Amino acid sequence: PCRSVLTVACEQTEVLLFDPISSKHIKTLSEAHEDCVNNIRFLDNRLFATCSDDTTIALWDLRKLNTKVCTLHGHTSWVKNIEYDTNTRLLVTSGFDGNVIIWDTNRCTEDGCPHKKFFHTRFLMRMRLTPDCSKMLISTSSGYLLILHDLDLNKSLEVGSYPILRARRTTISSSDITSPGSSGPRTIGSPCHQNDSGPPSEKHMSRPSQREGGSPRNSLEVLTPEVPGERDRGNCITSLQLHPKGWATLLRCSSNRDDQEWTCVYEFQEGAPVRPVSPRCSLRLTHCIEEANVGRGYIKELCFSPDGRMISSPHGFGIRLLGFDAHCSELVDCLPKEASPLKEIRSLYSHKDVVLTTKFSPTHCQIASGCLSGRVSLYQPKF
């Protein structure tokens, strides 16, 4: 957060640390995990968490990098994503076991942190929290986007008995919440296997618990985001990011045939449904652009700039800087009636292999990119 360290998650057990200003290599954590390191998240200016295909999450302190603060065990498959709620100090992780797990970092010891399963769905790819932690977004490899509205991380959700309605918002009732000591949430079936031809029967419905003057907590919406291209191909949502002001979500989608890739921006459309099963879609496609589709099968992680005016997207052996218009205007000033192409502001190529990830510095005019062969590049504008 204070931009003093750039951390790099590597394919083979390593985490690299650099000074982003001088480009100096600070340290290599050569055995940070026992398998590929997938994601890094800073909790504050000294503590950070890493997750791995070895199914664990590790907490680290920049002041003492020779040993981990602790190792967190709870997932049963590759852990791909880490989020953090600074208000409650709850760490949120997701993995290919389909679980979203909450970790209470307020009560960490050398043996780990208290944790609980919060949510479960099949084909889970990525999970994100909005900046104000009012929503959780989950993308799946089957092309679905799940949105938990009015988020309450202190409640575990059990939604196995609840029908999933495509492009509608459903409500998790109080009877669906996992009770203490239970075996945990049941699995949501793949949305494509659900019967969404009509509203749920009365026996599946129960009255949601309402907050005074507000909507139900943890109400669930399941969407199939509109993606350009042939509609019959199907899509996998491989990368999921959120606008820093919470206005929109950014998706990288690939076709099921793996022959097309798209970067898409969706505006959040707020407003409560008329009743719990009313047709509703919280997202509207505003901008998109086709990608190079180089390095098929590899996930490319894209991002917003800190002010939300630009997108940095892996593009072949480099990155593209994209804007909502040619002047890098705010998204709210560039909302078209129909989806419009993102504008290419600049392309930067310095790699000799496929670029897989890119990130803006939170405080400096600087971008980092990393490629499949392990090279990390830093870019600064010339004034």
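This tour passes from the whole chain to its nonpolar cores, then to one buried arginine and a strand pair.

**The whole chain**

Begin with the full model, which is predicted. Colour the protein by secondary structure: there are 28 strands and 0 helices. Of its 383 residues, 54% count as buried. Switching to a surface display shows an exposed area of about 17700 Å², and carbon and sulfur atoms supply 47% of that area. Of the contacts between residues at least 6 apart in sequence, 52% join residues at least 24 apart.

**The largest nonpolar core**

Next, select V92, V100, F118, F119, M136, I138 and L153. These are the residues with the most contacts inside the largest nonpolar core, which has 19 residues. In soluble globular proteins, nonpolar side chains tend to be buried together.

To see which elements build this core, display β9 (90–95), β10 (99–104), β11 (115–120), β12 (124–129), β13 (136–140), β14 (145–149) and β16 (219–223); each gives two or more residues to it. The largest share, 3 residues, comes from β12.

Now colour domain 1 (1–120) and domain 2 (132–167 + 217–382) separately. Where does the core lie with respect to these two domains? Both domains give residues to the core, so it lies between them.

Centre the view on V92. Leaving aside neighbours within four places in sequence, V92 is in contact with N81, I82, E83, V100, I101, I102, M127, L129, M136 and L153.

**Another core**

Select I147, C264, L283 and L285. These residues are among the 17 that form another core, lying apart from the largest one.

**A buried arginine**

Move to strand β18 (residues 248–255) and select R252 within it. Is R252 buried or exposed? Its relative accessible area is 1%; R252 therefore counts as buried, the cut-off being under 20%.

Show the surroundings of R252 next. Beyond its neighbours within four places in sequence, R252 is in contact with C236, I237, T238, S239, E261, W262, T263, E291, K300, L302, S313 and P314. Displaying E261 and E291 as sticks, together with K300, brings charged residues from this list into view.

**A strand pair**

Finish at strands β26 (residues 355–360) and β27 (residues 367–371). These strands run antiparallel and are joined by 5 bridges. The hairpin that joins β26 to β27 passes through 6 residues. To locate one facing pair, select T357 and G370: T357 stands opposite G370, which belongs to β27.

Methods: Residues are numbered from 1 along each chain as its sequence is written. This is a predicted model: local features need pLDDT of at least 70, side-chain atom pairs count only at pLDDT 80 or more; totals for chains, interfaces and linings use all residues. Side-chain values use heavy atoms; hydrogens and water are left out. Helices (H or I, at least four residues) and strands (E, at least two) are DSSP runs, numbered from the N terminus. Buried means under 20% relative accessible area, exposed over 50%, partly exposed in between (1.4 Å probe, protein chains only). Contact means heavy atoms within 4.5 Å. Accessible areas come from the Shrake-Rupley method with a 1.4 Å probe; for residues, only the protein chains shown count as cover. Two strands pair if DSSP finds at least two bridges between them. A nonpolar core is a set of buried Ala, Val, Leu, Ile, Met, Phe, Trp, Tyr and Cys residues joined through side-chain atoms within 4.5 Å. Domain bounds come from an automatic or database domain assignment.
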